[in-house]
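Please open the model in a viewer and keep the selection tool at hand. The tour below proceeds stop by stop, stating at each one what to select and what is to be found there.

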Amino acid sequence: MGAELTDKDKIEEALAERDHKRVQLLLRAGLALSTALMAVGLVMRLALGERGSPPLRLFELGSAPDLGLLLIGLGILALAMTPALRVLALVVIWARERDWRFVGVAVAVTLTLALSLAIGKG
Amino acid sequence: MELSLPTLAALVVLGAAAGWLGALVGIGGGVILVPALVLAFGVKTQVAVAASLIGVAATSTAAGSAYVGSGLTNMRLGMTLEIATTIGGITGGLVAMVISPELLAGVFGVVMAITSALVFFDRGGHEREKEPTEAQRQARPAVLGWESREKLAGAYFDEHLHRMVHYEARRIPVGAAVSLVAGTLSGMLGVGGGFLKVPAMSLGMKVPIRVAAATSNFMIGVTAISSLFVYFARGYVQPLLAAPIAIGVVGGSLLGTRHSGKLPAKVLRLTLSAVLIGVAAQMVLRAMGVHLGR
């Protein structure tokens, strides 16, 4: 604990800092996009005078009855995809660093998320 | 469900309160959203869980983006444990769809009572430090944290100790097993599961509690979406219910991360603990067929 950092440690420090900033940017962009989509969709839906809250299925977004509902659905999807994209971004970042062990770990998480989509659809 | 404008406004405020407290006290916010939607708005438990998972994903994304810059999050450790939490999340989501809403409410009540106790006895490791003094600021290195590529280890800069604190995660299978349980509960109940992950990492894996809290918060979003995809695909997401809550949660979470370390978190924790135990009792009563609310 508290040992002096070696040159190798310092390089890893710099890489970690860069990775963190990229992930932070991705999370903020996803949050802004999803919130904007949901807010616009909600206002459009209310402007139509619609107050009912029908369920919306992920794989039937294309057949949403109006644009407002479609935008809300896309906003929810964007919010859900943000953490998933973060996992994918780390696959790319760690692959560039040739950190193959953790590329494998991140790919395993990606596959599990894909499995959840497949199970939901099934 | 017919949503009037006052109801929509109430949902935004509810989401904001859950997000604010979630970011401030270090819980996902689901422990507030689910009972509020079930008890106050009369929403079916599974629909409330789906809305809450969206809120949990929003809290994690908003608060996580703040924590990532602090150098406390160990992304390799988080990703390793996410394998277990996502498998748990899918399992929990599927279980929630086949059991009765009453049983689900009962399980939720019991988990809330446990959460209340954990919040009550919490050591506060998730709280961000107070503003550093001038001396602490000068001692601050350019890089606040790093993680090893070879093992689940890293270091972060501790402003009180004025040095980098190095750590290495141990007993990975213990952390993975608890993460699996946390993921299952998250998928079933729409909660973040941080109340299990943080002690698993800090006590079980010997990771500093501040790193454990930041890493847990980072993981919660991925755990939540693994079951959210199942709920969303099967029609449990009600957009007019979920959108105002999510918008409120985003605003509340961002505000919560700013207030973190500036408000008397101990008082907040004790208040939250008392509220949780009261709501836990109501959820258990509902499971037994006694309806005190709607």
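Is A:Asp66 buried or exposed? With a relative accessibility of 15%, A:Asp66 counts as buried. Please bear in mind throughout that this is a predicted model.

**First stop: A:Asp66 and its partners**

Select A:Asp66 together with A:Arg45. Their side chains form a salt bridge, with N and O 2.2 Å apart. A:Arg45 belongs to helix α1 (residues 7-47) of chain A, whereas A:Asp66 sits in the loop between α1 and α2 of that chain, so the pair ties together parts that are 21 residues apart in sequence. A:Arg45 also counts as buried, at 4% relative accessibility. Now add A:Gly68 to the selection. A side-chain oxygen of A:Asp66 comes to within 3.1 Å of the backbone nitrogen of A:Gly68, at the start of α2(A).

**Second stop: along helix α2 of chain A**

Select residues 67-96 of chain A, which make up helix α2. This helix of 30 residues spans 40 Å from its first C-alpha to its last, close to the 44 Å expected at 1.5 Å a residue. Follow the helix to A:Thr82, where there is a kink of about 35 degrees, shortly before the proline A:Pro83. Just after the helix, select A:Arg98, whose phi is positive, at about 55 degrees.

**Third stop: a network between two chains**

Which residues are linked with B:Arg76 in a network of salt bridges? They are A:Glu97 and A:Asp99. Select B:Arg76 and A:Glu97 to begin with; their side chains meet in a salt bridge at 3.2 Å, N to O. B:Arg76 lies in helix α4 (residues 75-98) of chain B and A:Glu97 in the loop between α2 and α3 (100-121) of chain A, so this pair joins two chains. B:Arg76 counts as buried at 3% relative accessibility, as does A:Glu97 at 9%.

Then add A:Asp99. Its salt bridge with B:Arg76 brings the closest N and O atoms to 2.8 Å. This pair likewise crosses between chains, from the loop between α2 and α3 of chain A to helix α4 of chain B. Both A:Asp99 and B:Arg76 are buried.

**Fourth stop: the interface as a whole**

Display the contact between the chains, to which chain B contributes 66 residues and chain A contributes 68. Together the two chains bury about 5,900 Å², of which 71% is on carbon and sulfur atoms. Ten residue pairs, given as 10 in the count, are in polar contact across this interface. On the side of chain B that touches chain A, the elements that each supply at least two residues include α1 (5-25), α3 (45-68), α4 and α10 (239-259) of chain B.

How many salt bridges cross the interface of chain B and chain A? There are three, and the structure holds four over all chains. One further pair to select is A:Arg86 with B:Glu82, a salt bridge whose closest N and O atoms are 2.8 Å apart.

**Last stop: B:Thr86**

Remain in helix α4 of chain B and select B:Thr86. At 0% relative accessibility, B:Thr86 counts as buried. A polar atom of its side chain lies 2.7 Å from the backbone oxygen of B:Glu82, and the side chain of B:Thr86 also reaches the backbone oxygen of B:Ile83, at 3.1 Å. Finally, display the residues around B:Thr86: leaving aside those up to four places away in sequence, B:Thr86 touches A:Val109, A:Thr112 and A:Leu113 of chain A, as well as B:Val222 and B:Ser226 of chain B.

Definitions and conventions
Residues are numbered from 1 along each chain as its sequence is written. Chains are lettered from A and ligands numbered from 1 in the order in which they are written. This is a predicted model: local features need pLDDT of at least 70, side-chain atom pairs count only at pLDDT 80 or more; totals for chains, interfaces and linings use all residues. Side-chain values use heavy atoms; hydrogens and water are left out. Helices (H or I, at least four residues) and strands (E, at least two) are DSSP runs, numbered from the N terminus. The expected span of a helix is 1.5 Å times one less than its number of residues. The bend at a residue is the angle between axes fitted to the seven residues ending there and the seven starting there. A polar contact is a pair of N or O atoms within 3.5 Å; within protein, one must be able to donate a hydrogen and the other to accept it, and residues adjacent in sequence count only if both atoms are side-chain atoms. Buried means under 20% relative accessible area, exposed over 50%, partly exposed in between (1.4 Å probe, protein chains only). Contact means heavy atoms within 4.5 Å. Buried area is the accessible area (1.4 Å probe) that two parts lose on being put together, summed over both.
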